Amino acid sequence: MSLPQRLAAPAPGWTSSADVVVVGSGIAGLTAALRLRETVGSVVVVTKDHLSAGSTQWAQGGIAAALGPGDSPEQHLTDSLVAGAGLCDEEAVRVLVTEGPEAVRGLVRLGTVFDQTSAGELALTREGGHHRDRIAHAGGDATGAEIQRALVAAVRAAPGIEVVEHALVLDLVPGVDGGVAGVTLHVMGEGQRDGVGAVLCRAVVLASGGLGQVFSSTTNPSVATGDGMALALRAGAVVRDLEFVQFHPTVMWLGTGSTGQQPLISEAVRGEGAVLVDDAGLPFMRGRHELADLAPRDVVAKAIMRRMRETGAEHVWLDARAFGAERWARRFPTILATCRSHGVDPVTELIPVAPACHYASGGVATDLDGRSSVPGLYACGEVACSGVHGANRLASNSLLEGLVFSRRIAARLGEGLPARQQPAGDPRRPGLVDASARRDIQRVMTESAGVLRSRDGLARGAADLESLARRTTEEAGVASWETTNLMTVADALLEAAWAREETRGSHWRDDFPERDDEHWAGHLDVTVEDGRPTVTFGPAPVTAPVPTGVLP
Ligand SMILES: Cc1cc2nc3c(=O)[nH]c(=O)nc-3n(C[C@H](O)[C@H](O)[C@H](O)COP(=O)(O)OP(=O)(O)OC[C@H]3O[C@@H](n4cnc5c(N)ncnc54)[C@H](O)[C@@H]3O)c2cc1C
């Protein structure tokens, strides 16, 4: 199939300029903006909804950093490499774990209030895959909301950062020298900047988050439509490791056919002793893995999917009744309130759960300073593939990645901005996929490229996407722009999942159930030319031993 080479939109009715445009206002975007303000002249933050609408706001468990007694960056490195199943870039992980502690202290200085011990120290907890207590958290299970609050307050108070809310970035403006000359965007609202316009700049920092909405159900908010990855693909950037999508095993099941963002029931609930059971009340994780219910996320997600297939059920159950009312209220106030708001009281009832799309380990390929393969285009946070996650993200490393690598981009740009480029004519073929295809794209991706994948399923998915791509429209607007982005990312993800004929990390092929280091120890890079994705394999050094623990 040949997808639009750029989003069809009215010609820009207004133009402004800045040194740097930051796209997105989660932990990555706001940290970049705050740091850039100190080093470059003018910074504009453009964000699709209100400032706090991204995934950062929803993060529950916490942020990982080697801050506790007995812990060290080296140990954090080892745990991250094991989780990444051989595909982490060791240098990138080293940057993450060595710069992480200072970056988290920086968040504290900024005003983030993390939970403390009775002795006034940072309270640190442990999550799956970590061998030390190194997860800083806030408000019990409301870490992201507290970080987002502190960052928004700092940005609001900082002179020199212009914030444009309710503004959807459409595409990059190509420069005459082949790099970036700015972005086109659509501002929804009234005022000087209404409708489609362009901000010309010397560098674009993509911090637009993940792609959860590519699937029918996800923990990600509605803004996570993969826009940044899609515009980077259309601009010719290399997008890496897209097949490695993490599905969270315990997402509250809200009923047949319910789509979009669903409430996450944190792994920490299982960490405190909650047990997965099937319809018959059988605790089916026992005997599947030495860690049983606390096995790595992908192992648990696959076990749940298998159980659902075997029993024909649409979900399984999480039993956390043993906590009692006091522990629920103290330890998981947000989750307790969410469950109750959906009519389930976890103090006395089982919680219905099923796996849902949670995190994109891949994204726009970057170097250690956040540079993409397109001159002037930088990326950080979930939209990026910095190499720290490999084939599977270690819990609570993602907030840290956004924090650390946005700081590095700001430092790099502070040393010197790319030369301003004149906008070139844009010969790319515009087009749009009709918004009516959105639900169908999500359904096709869930069926074919969800937790369990196979050659036949992926082939069916590719054929279905191809026919959905023919549902074009001339009606430019948020719905069709987002749907076109979803289609662009879905197409690239499916190609990568099809190409990787092995099971590794969060990519599970039923027809190739083993990890195959002989043929697949490397990355799959997707680039788009003439609207068609091409997948290229590049070997990478194997950085970690094969994780053990799965029982036969
Ligand atoms: C329910 C949940 C729980 C999680 N728990 C944890 C946890 O405990 N620990 C952890 O480390 N990670 C966790 N994660 C993952 C983590 O929250 C994200 O990976 C991280 O917050 C991503 O930050 P970000 O800044 O890259 O993107 P986001 O915070 O998602 O921000 C993206 C921004 O880009 C904007 N945007 C998107 N498209 C456009 C566009 N076209 N134009 C303009 N703006 C655009 C969005 O509006 C948003 O402001 C969790 C995620 C979820 C959903």
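What follows is a conversation between a visitor and a guide about a predicted model and the ligand it holds.

Guide: Before we start, residues are numbered from 1 along each chain as its sequence is written, and side-chain values use heavy atoms, with hydrogens and water left out. In this predicted model local features need pLDDT of at least 70 and side-chain atom pairs count only at pLDDT 80 or more, while totals for chains, interfaces and linings use all residues.

Visitor: Which residues are the closest of those that surround the ligand?

Guide: The ligand is surrounded by 37 residues, and the closest are Thr56, Gly62, Asp227, Glu382 and Ser398; a residue counts as near a molecule if one of its heavy atoms lies within 4 Å of it.

Visitor: What makes the pair formed by Ser398 and the ligand a polar contact?

Guide: A polar contact is a pair of N or O atoms within 3.5 Å (inside the protein, one must be able to donate a hydrogen and the other to accept it, and residues adjacent in sequence count only if both atoms are side-chain atoms). A polar side-chain atom of Ser398 is 2.7 Å from a nitrogen atom of the ligand, so the pair meets that limit. For Asp227, a polar side-chain atom lies 2.8 Å from a ligand nitrogen atom, and for Val169 a polar backbone atom is 2.9 Å from one.

Visitor: How much of the ligand does the protein bury?

Guide: Taken alone the ligand exposes 1000 Å², of which the protein buries 97%, with areas computed by the Shrake-Rupley method with a 1.4 Å probe.

Visitor: Why is strand 19 called largely enclosed?

Guide: Buried means under 20% relative accessible area, exposed over 50%, and partly exposed in between (1.4 Å probe, protein chains only). Ten of the ten residues of strand 19 are buried, so the rest of the structure largely encloses this strand.

Visitor: How do you know that strand 15 and strand 19 pair?

Guide: Two strands pair if DSSP finds at least two bridges between them, strands being DSSP runs (E) of at least two residues, numbered from the N terminus. Strand 15 (residues 245–252) and strand 19 have six bridges in the antiparallel sense, so they pair; in one of these strands, strand 19, Tyr359 is the bridge partner of Gln246.

Visitor: Why is Cys201 not in a disulfide?

Guide: A disulfide is a pair of cysteine sulfur atoms within 2.5 Å. The closest cysteine sulfur to that of Cys201 belongs to Cys380 and is 14 Å away, which is too far for a bond, and the structure holds zero disulfides.

How values were computed
Helix = DSSP H or I, 4+ residues; strand = E, 2+ residues; numbered from the N terminus.
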